[in-house]
Amino acid sequence: MRLLQGNLSTRFKAIYGIFFLIIISSTVWLSYLSSKGSLEDQLRSTNMALLTLIQQKIEMMLREIDTNTINFIQEPEVAFFLNGRYANDDLRFNHFRVLNDRFKALMFSNSNISSFYLYSIENKSLLTDTTFSDEADFYDTAWRQTLASMKGYQQWLDTRKVTEISSGLHVDKDVITLVRSYPLIGTPQYRKGAVIVNVTENTVSNLIQDVDKQRAGQTLVINEQGMIISSQNKKQLFRPVSSIEGAPALSQLGSRGYLISNTANGSYTTFYLTSAYNGWKYVSIVPNPEMNRPLEIIRNLLLTVAVGMFLLAIAIVFAVSNYTFKPLELFFRSFTGKKMSRPGDLTYMEQFFKQMMSDNETLQKQMHESLPALKWRLILSLLMGDKANYNRMKPYFDTLGVDLHPVQFIVLAIELDRIQDIAAPRDVYLFTYAIGNVAEELVAGVCKGVSVELTDGKVAVVMSFEEDDAQGNQIQALQVADLVKDYVEGHFKQTVTIGVGRPQLHLEGINKSYQEALNALKYKLIMGDNTVISIDDIAGSLLNDKFYRITAMSDSVVGYIRDTDKGKTEAQLDKIFAELKANNVPPETIRQLCIQLIMNSIKVISDKGLEIKEFLDPKENIYDRIESCANVDEIKSYISSFLHQLIVRTEEKRLTRSGNETIKQVMSYLEQHYMDSDLSLNLLASRFGLSVPYMSKLFKETTETNFMDWLIQIRMEKSKELLLDPKLKINAIAESVGYNSAHSFIRIFKKYTGQTPGEFRENMKKSTGDKK
């Protein structure tokens, strides 16, 4: 009787309230725990990606400056200055003026360069865009010790303070310095000078700031000793990284990764990576509260949802309790002879139904907003083959507004060409969205269909036909594909390549048609951009005899490379790629054939005693380079260029081996023909069957001077011997040593000896008389 006397409605509310609280809180907490780990990994990956972006931007800038420096140092005026030899002052000042213009052009074309100067070891002097100075008087010589000890050809120095003199003003700057030796590939003992390029540290820190705007924390660049060489906070420069709040010691930093450290002021995560280009480390220190803010937002959102769900559950419990147990309570109370303290009040029921109506409207709105995502998921499941029964799928089609015939399906795969040339990722997304809408509208004019965006730049279209005519349906699908291609080109000023699968009778065949469309799309490598490719167009691949014939042709190319025959190599490449195109060779097979051809070519060259590392750039991955080619013509261009350079370097190596014997013959020839007035470097190169640049390089490497200076030296020494004979006239002597003009001979003789021929003869005569 006590149980009957109790308030059943209150007990129901309490029990079910506790039950819903446990269920809702457990569900929310488990959801949070399950998503926390993956979200933390995503946050770390994002921070590491941003740090990698900073490294790439900085190194791209440094490499561009190094490339500009290499191009600049090959100018002939630079060689004149660094070698320190000028025929006269007029020529020297003329070269200075030209170099000054080149300095300004270089600094104008690359605004990242702060200052730029040439250093001549021969003359111990430096030349900038504003001044010419002796080494002892120059305001910046701190890089000199690095040049003296530098074993390679170039080196980036850490940030240092320099007081530059510009227009008479002393300007203090923090700069990062590139030191590149001259000649470009000369060993330290044969260096003639160097080019020094200064880049302000602000240039590097500005690149960091551009990326750091996207997140909290700070990014530093440190050297191998752990000293900070670039930071947005200039007070941190030249300090050890361990002095920064939350930063680990240098010994804790490996080549790439992240560390979590706790300090008295909070917890920090340090992301770091090491540059293979200059050995610098890029370090990003992020406070964990800032980095984990998205986790807090999700946690608070889940708590809000839990509270809302709990309140809704309590409201439902109260409503059900009042309308279920109230009559029972009245019955029990009447049965026990007790009366209610007051009549029942239905106001709360009115409020409950109002809330239910409001919640229903909210749910309908959320359902409407979720329709595009649900539709995308449904079509994607059809393409993947997860949903294959039309009768079971029909209710979902109707709910999501997907209108398809029950049979006869064809899938189109549309891909936007050359996405990398489009300005921004947002533009790619807009083009993809627009292409999907256009395709769906054009399909609606022929049959029923639906489109879905797969990834940025790629759209799939499912077409369904009413007529049971596979061939006719295939033709209509190809016509629609052509319309889409032409519309995109005409209205969006972009191009697309479209793969078309085969017709399939039932819904389960959509996955097969989709896979065929994707396979057809791969043949863009052969067919080129802006094309429609049907799976039937590429159905036949290479037969065995054709494959063996192409392999044999590749072997003949290797033979031509062994013989360094450029013409036959290029002609055979043309035949090979013509065969590849004509037989619709699969793209994967083409790439494998090309990689095999390169490897065999390098092997045949290495078998001749040449080092493989001389032909391969360690920073370039051949496989990735071929993979990045958009079509067969780009692959052919790359293969042709690579093999051509292989042959050229082989020939240069062969000529270098015979260089010592050749230069001996050249010297002997000059001793015998120095009196020929038409003797020149071109004539000498033609006489010995060499190119003019190679003859000039060979001459400089052997004699450490250029051809003309060597010829003048021979002629002047011979003329000194002839001047000892008082019977010979100056004009005759000039002609006998190769000068048609006595005036030119006298001028050159004076610059060479400091005396005119007449003065030299008189001085020699007096010297001989004094001895007697």
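Biologist: Between which strands is the loop in which P183 lies?
Modeller: This is a predicted model, where local features need pLDDT of at least 70, side-chain atom pairs count only at pLDDT 80 or more, and totals for chains, interfaces and linings use all residues. Residues are numbered from 1 along each chain as its sequence is written, and side-chain values use heavy atoms, with hydrogens and water left out. The peptide bond from Y182 to P183 is cis, with omega near 0 degrees. Taking strands as DSSP E runs of at least two residues and helices as H or I runs of at least four, both numbered from the N terminus, the loop of P183 runs between β5 (169-182) and β6 (193-200).

Biologist: At what relative accessibility does F238 count as partly exposed?
Modeller: F238 is not a glycine, yet its phi is positive, near 70 degrees. It lies in the loop between β8 (228-230) and β9 (256-263). Buried means under 20% relative accessible area, exposed over 50%, and partly exposed in between (1.4 Å probe, protein chains only). F238 falls in the middle class because its relative accessibility is 33%.

Biologist: What is the relative accessible area of K493?
Modeller: K493 also has a positive phi, about 60 degrees, without being a glycine. Its loop joins α12 (470-492) to β15 (496-500). K493 counts as exposed because its relative accessible area is 65%.

Biologist: Why is β15 described as largely enclosed by the rest of the structure?
Modeller: In a regular strand the side chains alternate between the two faces of the sheet. In β15, one side carries V496, I498 and V500 and the other T497 and G499, and all are buried. β15 is therefore largely enclosed, the number of its residues that are buried being 5 of the 5.

Biologist: Which residue of β16 stands opposite V500?
Modeller: Two strands pair if DSSP finds at least two bridges between them. β15 pairs with strand β12 (residues 409-416) in the antiparallel sense over 5 bridges, where A413 has G499 as its bridge partner. With strand β16 (residues 532-534), β15 pairs in the parallel sense over 3 bridges. There, the residue opposite V500 is S534.

Biologist: Which residue of β11 is the bridge partner of F271?
Modeller: Strand β11 (residues 281-287) has 6 of its 7 residues buried. It pairs in the antiparallel sense with strand β7 (residues 218-222) over 5 bridges, and with strand β10 (residues 266-274) over 7 bridges. In the pairing with β7, the partner of T219 is S284. In the pairing with β10, the partner of F271 is S284.

Biologist: Which residue in the turn between β10 and β11 has a positive phi?
Modeller: β10 and β11 form a hairpin with 6 residues between them. The positive phi, about 80 degrees, belongs to G279.

Biologist: Which helix gives the largest share of the largest nonpolar core?
Modeller: A nonpolar core is a set of buried Ala, Val, Leu, Ile, Met, Phe, Trp, Tyr and Cys residues joined through side-chain atoms within 4.5 Å. The largest one has 43 residues, and I58, F116, L118 and W156 have the most contacts inside it. Its largest share, 10 residues, comes from helix α2 (residues 8-73).

Biologist: How far apart are the end C-alpha atoms of helix α17?
Modeller: Helix α17 covers residues 587-606, and its buried residues include I590, L593, C594 and I598. The expected span of a helix is 1.5 Å times one less than its number of residues. For the 20 residues of α17 this gives 28 Å, which agrees with an end-to-end C-alpha distance of 29 Å.

Biologist: How far from C594 is the nearest cysteine sulfur?
Modeller: C594 counts as buried because its relative accessibility is 4%. A disulfide is a pair of cysteine sulfur atoms within 2.5 Å, and the structure holds 0 of them. For C594, the nearest cysteine sulfur is that of C629, at 8.6 Å.

Biologist: How far apart in space are R625 and Y638, C-alpha to C-alpha?
Modeller: R625 lies in helix α18 (residues 622-627) and counts as partly exposed because its relative accessible area is 33%. The two residues are 13 apart in sequence, and their C-alpha separation is 8.7 Å.
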